[in-house]
Amino acid sequence: MSSGSRAPERMGGFRVPECVGGFRVPECVGGFRVAGVLVRGADGRGPEGSGGRGGAAAEPADPGSPHGWCVTAVALLDADQPEAALAAARRALALDPRLEWAHRVASLAQERLGRDGEAVSSAEHAVRLAPGSWAARLRLGTALRRLPGRWRESWTQAAKAVWFAPEEPDAHVLAGDLALTRGDHDRAGHAYRAALRGAPDHPAARVNLGLTLLRWERPRAHHDPAWAVDPRETGRARRAIEVWSRQVRVLLALALAAVTALAFGVESRTHAQLAGAVLLLLAVPPTVRQARRVRIWSYVPQILGRDLWLSVAACLTPLVVVGYAAAVLTLPGRSPDGGAALWHGGAAGVVWAGTSGLVVFNGLAVAFLRVLVEAWRGRPVPALAQFAAAFPERTARRDANVALWIVVVRAWSVLALVAVVAPVAGPVLALAAPAVPLALWRVARRGRLAAHLREVPAQDRPLVAAVLSLLLASAALALTGAEQALRDAAGPSAPAVAAWGWRAGLGALACAVVVFAARAARAWWRGAPGPWRASLLMCEGRGSRPPGDVRPSVGLSEAVRRAFTSSRGVVLAYADAGGPRALAVGAVTSIGPAGELRLIAADEAWQAAERDPKVAVFVADPIGRRFWAEVRGVALGDPEAEVLRVTPKQVVIGEYPGRHQARRR
């Protein structure tokens, strides 16, 4: 090592010359490389030769090293062998129960095996061993988010991970994911952008940022993860409300059709109205049955407040009941000549027609309205750019395809508006139709989707058919508008070159609707992702980087440990309101197995650590006077032991210059 050089002992980035008790990562156990970690099995072939999924764990070069078993477990996790990884982590804990890293690795393996309760327990043990470890906080926060009613605790751990290590992208991604699951898009977007500043290629941050731009809501939007109630209970309540609304509306639609047919089949309209009143009682059994399934009535208003379309269905059902009663009261009878007196009674006929339409066609109207409303939520073009930046991530490709359908529905609604308004406001308005193809071209360009669009014809042919229908409708409407402008300028003698344009435009728009409906029906039948927002998914991928919550702990070499325990010149540096400060430490009482320093410091240092826990501890070699060491980490006070616990994040060592390196005068 050259004079005055700084050599980082960085264990957070898998580049550790002297990291954990002389154990080297990644070049630690010779063999093969998995996710930046080298592991070799007992047979020299690695995890694949150790029994596959659920088989016995591969052995490191030194079976007596707990850190070697941790490295093996991380490699097995990367190879998607959580059972074997858990076995390797337990071997490490058998050798050193105080190894915080092993508890984190075991927690991740248990989580992947579906043992969420055990995963939380292991993560909590890791936090107790190293309360200042951002990786331990991240692991605990990730494990807690999978348990019902533990969202607030998970958010607390994620916030601490961000506070301890604001430079780590995984901590920001967890905070963003927790905010996104609650529908807090602004806070989630801020967290994802913070993650991308440190890791521009982080796929989860890219994809989930695109979801925030689309104002995405998770499928169970009715449930707030911060609620203490079990999500299964809120799901049962939502299902009961949804089933009640659907059953009542369908039954009343069928009943009204039967009553109307009866009114035309008998001469007495009164008999048909009496039958309609009796059929209204069909709504009572489903109402009573579904009401019994709701056990948490106090949460029903909040559930309806979070789920817009569930609220629409719940509010629409009483209106349908009232509409059914009005339709039965104004039921038309047979005219003297045997025809249907649809306008019998003047205004009564209008009321009957309107209420009958409400009762029979409310489902189709709500579905159509929902597609349009959800298409105009969010900003799909910037979202597509984020999805494209995360390619070839599978979730990014799926979400990009859904976002393209959202853009197509927007374009269709614009053309439909032009087709409806132009006959009233003037056919010249149809000249605005070519703006739609230009907008679609701009979406493809700004979204950087050239490579993805080449794959669309093979993956989603209905999407191509819908786009072609829109292009045809745009051209037909524009031709109609141009013809009208030509007639206005040249008079009636101008040639009628596009008399068919209007019908062709409307036909192309109808064709796009048919394509969308067929695509949706096929997706529903196969259980595949459909052209709607519910098919959007959050991403949990990290690309080629290892998970941040299972990175190795930052340890101290024997020389650095000896320097801290024997030196009387330990200095603590921290940030204060007036700037950086340095304070002499009374003593280093002990050093934990993971390298945690326990310091006796003045109250001033405790107060500073409460404001900003990121500190640095400096020590010089008290024996040979040959080197110095600086430990940068997180300081947390332990009131019971009356010590300041510093968890290392990075260790920097250097040598003092010798006489031959002295400065010349």
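pLDDT is the predictor's confidence in each residue, from 0 to 100. The legends below take you through close-up views of a predicted model.

**View 1. Confidence along the chain.** For this predicted protein the mean pLDDT is 82, and 82% of the residues reach 70 or more. Over residues 1–57 the pLDDT is below 50, although this stretch has 142 contacts in the model beyond near neighbours in sequence. Residues 660–665 also stay under 50, and there the model has 2 contacts beyond four places in sequence. Where pLDDT is low, the predicted coordinates should not be read in detail.

**View 2. The two sides of helix 11.** Helix 11 covers residues 269–279, and its buried residues are A272, Q273 and G276. Seen down the helix axis, these buried residues fall within an arc of 100°, so they line one face of helix 11. What do they pack against? Their partners are helix 10 and helix 14, the latter spanning 308–329. Turn to the face away from the buried side and you will find the exposed residues H271, L274 and V278.

**View 3. A nonpolar patch that includes V278.** V278, met in the previous view as part of helix 11, joins L281, V284 and V288 in a nonpolar patch on the surface. Together the four residues have about 350 Å² of accessible area. V278 itself has a relative accessible area of 55% and counts as exposed, because the cut-off for that class is over 50%.

**View 4. R145 and D177 in a salt bridge.** Side chains of opposite charge can pair when their charged atoms come close. Here R145 pairs with D177, with 3.6 Å between the closest N and O atoms. R145 lies in the loop between helix 5 (134–144) and helix 6 (151–164) and D177 in helix 7 (residues 169–181), so the salt bridge ties together parts that are 32 residues apart in sequence. How accessible is each partner, buried or partly exposed? R145 is partly exposed at 27% relative accessibility, whereas D177 is buried at 5%.

**View 5. D224 and R182 in a salt bridge.** The closest N and O atoms of D224 and R182 are 2.7 Å apart in this salt bridge. D224 sits in the loop between helix 9 (203–213) and helix 10 (231–265), and R182 in the loop between helix 7 and helix 8 (185–198), so the pair ties together parts that are 42 residues apart in sequence. D224 is buried, with 6% relative accessibility, while R182 is partly exposed, with a relative accessible area of 29%.

**View 6. R295 and its contacts with helix 10.** The side chains of E233 and R295 meet in a salt bridge, at 3.7 Å from N to O. E233 belongs to helix 10 and R295 to the loop between helix 12 and helix 13, so this pair ties together parts that are 62 residues apart in sequence. That loop runs between helix 12 (284–293) and helix 13 (300–306). Which residues does R295 touch, leaving aside neighbours within four places in sequence? They are E233 and R236. The C-alpha atoms of R295 and T234 are separated by 8.8 Å, with the two residues 61 apart along the chain. R295 is nonetheless exposed, with a relative accessible area of 61%.

**View 7. A salt-bridge network.** E111, R139, R146, E540 and D549 are joined into one network by salt bridges that share partners. Across the model, the count comes to 30 salt bridges.

**View 8. Backbone details in three loops.** Follow the chain to the loop between helix 1 (66–78) and helix 2 (82–95), where D80 lies. D80 is not a glycine, yet its phi is positive, at about 60°. D80 is partly exposed, with a relative accessible area of 42%. Another positive phi of about 60° belongs to E642, also not a glycine. E642 is found in the loop between strand 11 (627–638) and strand 12 (643–655), and counts as exposed at 63% relative accessibility. Which residues does a cis peptide bond join? The bond links F391 and P392, with omega about 10°. P392 is found in the loop between helix 16 (380–389) and helix 17 (394–425).

Conventions:
Residues are numbered from 1 along each chain as its sequence is written. This is a predicted model: local features need pLDDT of at least 70, side-chain atom pairs count only at pLDDT 80 or more; totals for chains, interfaces and linings use all residues. Side-chain values use heavy atoms; hydrogens and water are left out. Contact means heavy atoms within 4.5 Å. Patches are made of residues with over 30% relative accessible area and no salt bridge: like charges are joined within 9 Å, nonpolar side chains (Val, Leu, Ile, Met, Phe, Trp, Tyr) within 5 Å. Accessible areas come from the Shrake-Rupley method with a 1.4 Å probe; for residues, only the protein chains shown count as cover. Helices (H or I, at least four residues) and strands (E, at least two) are DSSP runs, numbered from the N terminus. Buried means under 20% relative accessible area, exposed over 50%, partly exposed in between (1.4 Å probe, protein chains only). The arc is that of the directions from the helix axis to the C-beta atoms.
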